[in-house]
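Colleague: I would like a close look at a single part of this model, taken slowly enough for a first-year student. Please start from one helix and work outwards.

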Amino acid sequence: MSFSLIPYILLPSYADLTPQMLTERGIRLLLCDLDYTLAPKYVPRPDEALRTWLADMERAGVRVMILSNNRSPARVERFCRDLGIDYVGHAGKPSVRGYRQAMEKAGVTPAQTAMLGDKLLTDVLGANRSGVLAVMVEPAGGPKGLWNHVLHGLQRPFKALCRSRKEGET
């Protein structure tokens, strides 16, 4: 169990994560945070771009499931119902409990799983602790509110470490 705040992959947006990037690593399950990852928190319904991206993932054999700490189960439930995908709510990220529950539901191992999120202290840390590929994106719609601005500012050094590690590999 790794206690690392460094994502393996850092991207501008969920749309920059391609099915090929996942399938070439043997990923069959993509866990996604909802708020600020797939849509800004104030967007109540999925848009057409997200639907297209999900269809591309499905065609490639990558199952997508929401893994959310959202306090409002109604938002997550409605969003997932609109998309026709499953979710694990009240996941308790960075605890491994929600990750294990999702993997068990999908019948996959940590090596076959990736987590896509916008926060180091929940999404990335939980992914690393669970042994799944940690993929981080910039917050959709930008961080809102003082706390999110502070939180995302504190993430900068870890994002820089991810970038410099990737540059060292090439």
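Which residues are buried in helix H3 (residues 73–83)?

Modeller: A caution comes before the details: this is a predicted model. In H3, which runs over residues 73–83, the buried residues are Arg 75, Val 76, Phe 79, Cys 80 and Leu 83. They lie on the same side of H3, because the arc they cover around the axis is only 115 degrees. A general rule helps in reading such a pattern. An α-helix has 3.6 residues a turn, so residues three or four places apart point the same way.

Next comes what lies over that side. The cover of the buried residues of H3 includes helix H2 (48–59), strand S3 (63–67) and strand S4 (87–88).

H2 deserves a further step. Two packed helices are described by the angle between their axes and the distance between the axes. For H2 and H3, the angle is about 65 degrees and the axes are 11 Å apart. On the H2 side, the contact is made by Leu 50, Arg 51 and Leu 54, and on the H3 side by Phe 79, Asp 82 and Leu 83. Sorted by type, the residues of this contact are four nonpolar, no polar and two charged. Phe 79 and Leu 83 thus appear twice in this account: they are among the buried residues of H3, and they also take part in the contact with H2.

The end of the helix is also worth a look. Gly 84 follows H3, and its phi is positive, near 70 degrees. The general background is that most residues other than glycine have a negative phi, and most peptide bonds are trans. Beyond S4, the loop that leads to H4 contains His 90. His 90 is not a glycine, yet its phi is positive, about 45 degrees. With a relative accessible area of 47%, His 90 is partly exposed. Pro 94 is found in that loop between S4 and H4 too, and the peptide bond from Lys 93 to Pro 94 is cis, with omega near 15 degrees.

On the other flank, the loop between S2 and H2 holds Tyr 36. Tyr 36 is another residue other than glycine with a positive phi, in this case near 70 degrees. Tyr 36 counts as buried, because its relative accessibility is 8%, and the cut-off for buried is under 20%. Thr 37 also has its place in the loop between strand S2 (29–32) and H2. Its relative accessible area is 1%, so Thr 37 is buried. Apart from neighbours within four places in sequence, Thr 37 is in contact with Tyr 14, Leu 116, Gly 117, Asp 118, Val 137 and Ala 140.

A second helix pair can be set beside H2 and H3. The axes of helix H4 (residues 96–106) and helix H5 (residues 120–130) cross at roughly 65 degrees and come within 9 Å. H4 and H5 are therefore roughly perpendicular to each other. Their crossing is right-handed. H4 contributes Val 96, Tyr 99 and Met 103 to the contact, while H5 contributes Thr 122, Asp 123, Gly 126, Ala 127, Arg 129 and Ser 130. By type, the residues of this contact are four nonpolar, three polar and two charged.

Terms used
Residues are numbered from 1 along each chain as its sequence is written. This is a predicted model: local features need pLDDT of at least 70, side-chain atom pairs count only at pLDDT 80 or more; totals for chains, interfaces and linings use all residues. Side-chain values use heavy atoms; hydrogens and water are left out. Buried means under 20% relative accessible area, exposed over 50%, partly exposed in between (1.4 Å probe, protein chains only). Helices (H or I, at least four residues) and strands (E, at least two) are DSSP runs, numbered from the N terminus. The arc is that of the directions from the helix axis to the C-beta atoms. Contact means heavy atoms within 4.5 Å. Axes are lines fitted to C-alpha atoms, for helices over the stretch in contact, and angles run from 0 to 180 degrees between N-to-C directions. Angles under 35 degrees count as roughly parallel, over 145 as roughly antiparallel, 65 to 115 as roughly perpendicular and the rest as oblique. A crossing is left-handed if the near helix is turned anticlockwise from the far one by less than a right angle, and right-handed if clockwise. Ala, Val, Leu, Ile, Met, Phe, Trp, Tyr, Cys and Pro count as nonpolar, Asp, Glu, Lys and Arg as charged, and the others, Gly among them, as polar.
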